[in-house]
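Visitor: I have a structure open and would like to go through a few spots in it. Can you help?

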Amino acid sequence: MTVKTVTVHVETRGNTDILDITNDVIEAVLQTGISNGIANVFSPSATSAITTIEYENGCLKDLKRLFDEIIDPTREYAHNARWGDGNGHSHVRAALLGPSFTVPVVDGRLTLGTWQQIIFVDFDIRPRRRKLIVQVIGD
Ligand code: ZN
């Protein structure tokens with residue numbers, strides 16, 4: 001069994017910007033040469049998250065609306081009162097969605113469903129350059 005780690009960089013616009021990172025993960029897995037195992041993609045950031053969804057405009061709008069409804073950015077946040085950086089809602093959204101996603105790799109391919117893309121969501125309130133870690137464990 002081998003463990004290999006690849007770093008991927010993405011540029012985001014912030015404010016719940018949703019990027020399809022499926023091809024980045026596929027390329028990272030190919031780079032490792034591991035053909036059977038699991039791939040984990042992780043965001044080392046407190047205001048972003050990774051999950052999966054069908055990457056089409058309807059789903060993306062619905063997901064953004066859900067976050068506006070359940071974690072309203074216009075509310076008061078203790079984090080903002082303490083730090084004054086205005087991204088209290090970004091931290092809470094990131095905590096709810098989670099920073100990583102794992103997918104089985106079989107015969108060199110991610111076992112994603114046809115309409116299942118891996119997305120990186122940047123909840124911060126400004127454009128960011130983000131580093132993602134793809135770690136693959138297997139043979
Ligand atoms: Zn903050």
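Guide: Ask away; we will take a few residues and a metal site in turn.

Visitor: What kind of model is this?
Guide: The model is predicted.

Visitor: OK, the zinc ion. Which residues coordinate it?
Guide: His79 (NE2), Asp85 (OD), Asn87 (OD1) and His91 (NE2) coordinate the zinc ion, at 2.1 to 2.3 Å.

Visitor: How are those donor residues spaced in sequence?
Guide: The spacing for the zinc ion is H-x5-D-x1-N-x3-H.

Visitor: And why is the arrangement of the four donor atoms irregular?
Guide: The angles they subtend around the zinc ion run from 89 to 173 degrees. Four donors count as tetrahedral only if all angles lie between 85 and 135 degrees, and as square planar if opposite donors are over 155 degrees apart and all others between 65 and 115. Anything else is irregular.

Visitor: Is Asn87 buried or exposed?
Guide: Asn87 is buried, because its relative accessible area is 6% and the cut-off for buried is under 20%. His91 is partly exposed, at 23%.

Visitor: New topic: where is Ile53?
Guide: Ile53 lies in strand S4, residues 48-53. Ile53 is buried, with a relative accessible area of 18%.

Visitor: What does Ile53 touch further along the sequence?
Guide: Leaving out residues up to four places away, its contacts include Cys59, Leu63 and Trp115. The C-alpha atoms of Ile53 and Ile118 are 6.7 Å apart, although 65 residues separate them along the chain.

Visitor: Last one: which residues make the nonpolar surface patch of about 270 Å²?
Guide: Leu66, Ile70 and Leu96 make that patch. Leu66 sits in helix H2, residues 57-70, and is partly exposed at 37% relative accessible area.

Methods: Residues numbered from 1 in each chain as written. Predicted model: local features only at pLDDT ≥ 70, side-chain atom pairs only at ≥ 80, totals over all residues. Heavy atoms only, no water. Helix = DSSP H or I, 4+ residues; strand = E, 2+ residues; numbered from the N terminus. Buried < 20%, exposed > 50% of the residue type's maximum accessible area, 1.4 Å probe, protein only. Contact = heavy atoms within 4.5 Å. Patch = residues over 30% accessible without salt bridge, like charges linked within 9 Å, V, L, I, M, F, W, Y side chains within 5 Å. Areas by Shrake-Rupley, 256 points an atom, 1.4 Å probe, with all protein chains shown as cover. Salt bridge = Lys/Arg side-chain N within 4 Å of Asp/Glu carboxyl O. Donors = N, O, S within 2.8 Å, 3.2 Å for Na, K, Ca; no water. Tetrahedral: all angles 85-135°; square planar, octahedral: opposite > 155°, others 65-115°.
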